[in-house]
Amino acid sequence: MRLFSSYKKVEYNDEELLSLFKKTGEAEYFQRLYERYIPLVYGLCLKYLQSPESSQDAVIDIFENLSQKIQGYEIKIFKNWLYSVVKNHCFHILKENKREIIVDFDSQFMESDSVLDLLNEDLEEEKDKALSYCLKKLPEPQRISIEKFFYEDKSYAEIVDETGFHLKSVKSYIQNGKRNLKICIEKNLKE
């Protein structure tokens, strides 16, 4: 008689574990899901924060925050979503500590330096007026996302929480908003 031979631990994919966690609220499901990605989360944190201690703290913070807030998110592919959350969390830590972020960005994510200069606190009066004018001209979702990201130092995840916008939308609003600001400001400074 074999008592334990029929026992087999069921292995779920990411989306199944996420769905079970959301339905039941049982922390075991989220724990199993998160444990799969601890090496990825730690590696990303280490890449951005460049400190093993800070990275370990960030991994714990991310886990605690996600386990409490994940119910409110619509997540299609957990791994991609987690990657974005971790990156934003690290950027938020770096912003809080006022450290320079040394990362290679693809050109599609980074606009020209002139836009970042325009969003600097030491704006010349002319640029400041143009920026104020152009911010008001942006579509509301772009304006809100730009203001929260650059002026209130909010991460993508925080903007999602506060506005109810989807994560992809927030990224798009910020990217398009920066481009629209640049065009508008350059046009106004020429006049």
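How are α1 and α2 oriented to each other? In this predicted model, α1 and α2 are roughly antiparallel to each other, and the legends below begin with the whole protein before returning to that pair.

**Figure 1. Overview of the protein, which holds nine helices and zero strands.** Followed along the sequence, the elements give the pattern α-α-α-α-α-α-α-α-α. The protein has 191 residues, of which 36% count as buried. When contacts between residues at least 6 apart in sequence are considered, 61% of them join residues at least 24 apart.

**Figure 2. Close-up of the crossing of helix α1 (residues 14-24) with α2.** The two axes come within 8 Å and cross at roughly 150 degrees; since angles over 145 degrees count as roughly antiparallel, α1 and α2 are therefore described in that way. The crossing of α1 and α2 is left-handed. On the α1 side the contact is made by D14, L17, L18, L20, F21 and T24, which meet A27, Y29, F30, R32, L33, R36 and Y37 of α2. Sorted by character, the residues of this contact of α1 with α2 comprise nine nonpolar, one polar and three charged.

**Figure 3. Close-up of R36 in helix α2.** R36 has a relative accessible area of 31% and is therefore partly exposed. Not counting residues up to four places away in sequence, R36 touches E11, Y12, N13, D14 and L17, and D14 and L17 also belong to the α1 side of the contact between α1 and α2. R36 and K79 stand 43 residues apart along the chain, while their C-alpha atoms are separated by 9.7 Å.

**Figure 4. Close-up of the aromatic pair formed by Y37 and F78.** The count of aromatic pairs comes to 10. In the pair shown here, the ring centres of Y37 and F78 are 5.7 Å apart and the planes stand at 50 degrees, so the pair is tilted. Y37 belongs to helix α2 (residues 27-49) and F78 to helix α4 (residues 78-96), so the pair ties together parts that lie 41 residues apart in sequence. Y37 and F78 are both buried. Elsewhere, ring pairs link F21, F30, Y34 and F63 into a cluster, and of these residues F21 and F30 also take part in the contact between α1 and α2.

**Figure 5. Close-up of L82 and S84, two residues found in helix α4.** L82 has 0% relative accessibility and therefore counts as buried. Leaving aside its neighbours within four places in sequence, L82 is in contact with Y34, Y37, V41 and L66. Measuring from C-alpha to C-alpha, L82 and Y34 are 9.3 Å apart in space, although 48 residues apart in sequence. S84 is also counted as buried, because its relative accessibility is 8%. With residues up to four places away in sequence left out, S84 touches L167 and K171.

**Figure 6. Close-up of Q50, a residue in the loop between α2 and α3 (52-69).** Phi of Q50 is near 55 degrees, a positive value in a residue other than glycine. As a general background, most residues other than glycine have a negative phi. Q50 has a relative accessible area of 52% and is therefore exposed.

**Figure 7. Close-up of the crossing of helix α7 (residues 140-151) with helix α8 (residues 156-163).** The axes of α7 and α8 come within 10 Å and cross at roughly 130 degrees, an angle that makes α7 oblique to α8. The crossing of α7 and α8 is right-handed. The contact brings together I144, S145, K148 and F149 of α7 with Y156, I159, E162 and T163 of α8, and its residues divide into four nonpolar, two polar and two charged. Within this contact, F149 and Y156 form an aromatic pair with centres 5.4 Å apart and 15 degrees between the planes, and the pair is stacked. F149 and Y156 are both buried.

Technical notes:
Residues are numbered from 1 along each chain as its sequence is written. This is a predicted model: local features need pLDDT of at least 70, side-chain atom pairs count only at pLDDT 80 or more; totals for chains, interfaces and linings use all residues. Side-chain values use heavy atoms; hydrogens and water are left out. Axes are lines fitted to C-alpha atoms, for helices over the stretch in contact, and angles run from 0 to 180 degrees between N-to-C directions. Helices (H or I, at least four residues) and strands (E, at least two) are DSSP runs, numbered from the N terminus. Angles under 35 degrees count as roughly parallel, over 145 as roughly antiparallel, 65 to 115 as roughly perpendicular and the rest as oblique. A crossing is left-handed if the near helix is turned anticlockwise from the far one by less than a right angle, and right-handed if clockwise. Contact means heavy atoms within 4.5 Å. Ala, Val, Leu, Ile, Met, Phe, Trp, Tyr, Cys and Pro count as nonpolar, Asp, Glu, Lys and Arg as charged, and the others, Gly among them, as polar. Rings of Phe, Tyr and Trp (its six-membered ring) pair if their centres lie within 6.5 Å; planes under 30 degrees apart count as stacked, over 60 as edge-to-face and the rest as tilted. Buried means under 20% relative accessible area, exposed over 50%, partly exposed in between (1.4 Å probe, protein chains only).
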